[in-house]
Amino acid sequence: MDQLFTKQKVKELRALVGDGDRVAIVLQDDPDPDAMSSAIALRTLLGRNKLTTPIFAFKPVTRPENRTMMHLLEIEVAEPAPGELDGFDKIAMVDVEPPYFEAKLPRADIVIDHHPGYQTGLAPFEDIRVGYGATATIMTEYLVSAGERISERLATALLYGIRSDTLALSRRVTEADIEAFTHLYPLANYNLLRQIDRPELPVSFARVLARVMRRMEVRNGLVVIHLGAVERDDLIVQMADFCLQFEGVEMVAVSGKLEKNLVIAVRTHGIGRISAGDTVKRLFGEIGSAGGHRNMAKAVIPLIAWRQREGTTRDKLVEARLQALFAAAVAGGEDSAAPVARNGA
Ligand SMILES: [Mn+2]
């Protein structure tokens with residue numbers, strides 16, 4: 001890699017984004033691993049988090065392994081509401097270029113990509129490396145050049161991005177891709193990579209499924225299910241996604257006890273007035289960490305805090321209480337600010 005050039009680009013990139021700027025990262029429709037990993041790398045490089053620098057795509061991720069990657073690596077990609085992108089100070093795109101979006105974007109400020117055939121000179125910051133096998137390779141070079149710590153999660157994402165864009169380094173691969181791959185290799189989590197390729201459900205989960213699916217009901221577009229104790233966080237998430245596919249379902253809340261916490265995953269189609277993120281913040285923000293986007297949110301509540309407020313952590317009662325809380329939220333819409341009453345029964 002041309003280290004001097006990369007260093008210069010990182011400097012330019014950071015200079016372009018002001019401290020208080022809200023930055024939107026926009027990806028191609030149905031984003032792939034290269035795009036998603038490049039997006040979180042850009043966020044790290046800019047020292048941002050998901051609130052100040054959310055990731056958007058006009059069409060959601062659909063491929064099962066890409067969805068698994070999102071869940072396992074906790075990458076959130078939101079569909080922008082009409083006009084939402086106008087509210088951002090900077091619009092960045094990775095693994096894609098402005099003409100792809102036609103008139104859908106108000107602006108383009110940052111473009112980092114490896115696809116050939118686009119017109120350049122459309123954004124103040126551009127780094128298009130047509131020879132490269134993956135945008136994740138460019139992003140890895142940026143991170144290395146900037147001396148950024150590459151977390152296990154980020155390394156796993158970038159490695160998977162490079163691997164999938166180059167068909168495991170067999171197609172369109174350059175020296176730079178191999179160098180980036182080699183750099184990331186010792187930093188990544190192989191167990192996660194294997195799970196992305198082929199997520200396995202524990203056999204014991206079949207029994208959990210058989211038990212809970214029997215009592216699944218759709219009420220007012222809402223499904224609430226408490227799984228009881230679960231072995232892994234992603235089982236809760238997978239269950240929520242699964243339930244969202246049923247006829248008439250608009251919002252799903254699935255909870256499970258994971259170690260000392262009650263973990264709640266919420267999914268919506270994002271069409272009604274209800275935002276999953278706002279709902280969990282309102283319901284659980286005071287007793288745990290809770291947040292997310294319109295379609296996707298999560299709350300992690302220490303069981304001890306749940307017991308203090310709700311009186312009990314018995315599975316049956318947890319489900320009944322969650323059912324009541326979410327039903328009230330759905331009925332009340334965004335404006336329902338009703339405080340959550342202590343209620344043991
Ligand atoms: Mn790519």
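Two strands count as paired if DSSP finds at least two bridges between them. By that rule, strand 1 (residues 23-27) and strand 4 are partners, running in the parallel sense over 4 bridges. Welcome to this predicted model, which is divided into domain 1 (3-197) and domain 2 (204-335). A good place to begin is strand 4 and the manganese ion, and the rest of the tour follows from there.

**The sheet**

- Strand 1 and strand 4 belong to an open sheet of 6 strands, with parallel pairing and the order 3-2-1-4-5-6.
- The edges are held by strand 3 (77-78) and strand 6, and each has a single partner strand, so one side of each is left without a neighbour in the sheet.
- On its other flank in the sheet order, strand 4 pairs with strand 5 in the parallel sense, here over 3 bridges.
- Helix 4 (residues 135-145) packs on the sheet and touches strand 4, strand 5 and strand 6. The direction of helix 4 makes about 115 degrees with that of strand 5.

**Strand 4, residue by residue**

- Strand 4 is largely enclosed by the rest of the structure, because 5 of its 5 residues are buried.
- K90, A92 and V94 point one way from the strand, while I91 and M93 point the other way, and all are buried.
- M93 can be followed across the sheet: V26 stands opposite M93, and in strand 5 the bridge partner of M93 is V111.
- V94 has a bridge partner in strand 5 too, namely I112.

**The manganese site**

- Four residues coordinate the manganese ion, at 2.1 to 2.3 Å: D34 (OD), D95 (OD), H114 (NE2) and D165 (OD).
- Along the sequence, these donor residues follow the spacing D-x60-D-x18-H-x50-D.
- D95 and H114 link distant parts of the chain, 19 residues apart. D95 sits in the loop between strand 4 (90-94) and strand 5 (110-113), and H114 in the loop between strand 5 and strand 6 (125-128).
- Both D95 and H114 are buried.

**E97, in the loop after strand 4**

- E97 is found in the loop between strand 4 and strand 5.
- Is E97 buried or exposed? With buried meaning under 20% relative accessible area, E97 counts as buried because its relative accessibility is 2%.
- Leaving out residues up to four places away in sequence, E97 touches V111, D113, H115, Y118, Q119 and I128.

**Nonpolar cores**

- In soluble globular proteins, nonpolar side chains tend to be buried together.
- The largest nonpolar core here has 52 residues, and those with the most contacts inside it are L27, L42, I112 and Y142.
- I112 is thus a name to remember twice, as a residue with many contacts in that core and as the bridge partner of V94.
- L27 touches A35, M36, A39, I55, F56, A57, V94, V96 and F101, again not counting residues up to four places away in sequence.
- Apart from this core lies another, of 24 residues, among them V224, I264, A297 and A299.

**Two domains**

- The centres of domain 1 and domain 2, taken over C-alpha atoms, are separated by 31 Å.
- How many residues does each domain bring to the contact? Domain 1 gives 9 residues and domain 2 gives 10 residues.

Methods:
Residues numbered from 1 in each chain as written. Predicted model: local features only at pLDDT ≥ 70, side-chain atom pairs only at ≥ 80, totals over all residues. Heavy atoms only, no water. Donors = N, O, S within 2.8 Å, 3.2 Å for Na, K, Ca; no water. Helix = DSSP H or I, 4+ residues; strand = E, 2+ residues; numbered from the N terminus. Buried < 20%, exposed > 50% of the residue type's maximum accessible area, 1.4 Å probe, protein only. Core = buried A, V, L, I, M, F, W, Y, C linked by side-chain atoms within 4.5 Å. Contact = heavy atoms within 4.5 Å. Axes fitted to C-alpha atoms, helices over the stretch in contact; angles between N-to-C directions. Domains from an automatic or database assignment.
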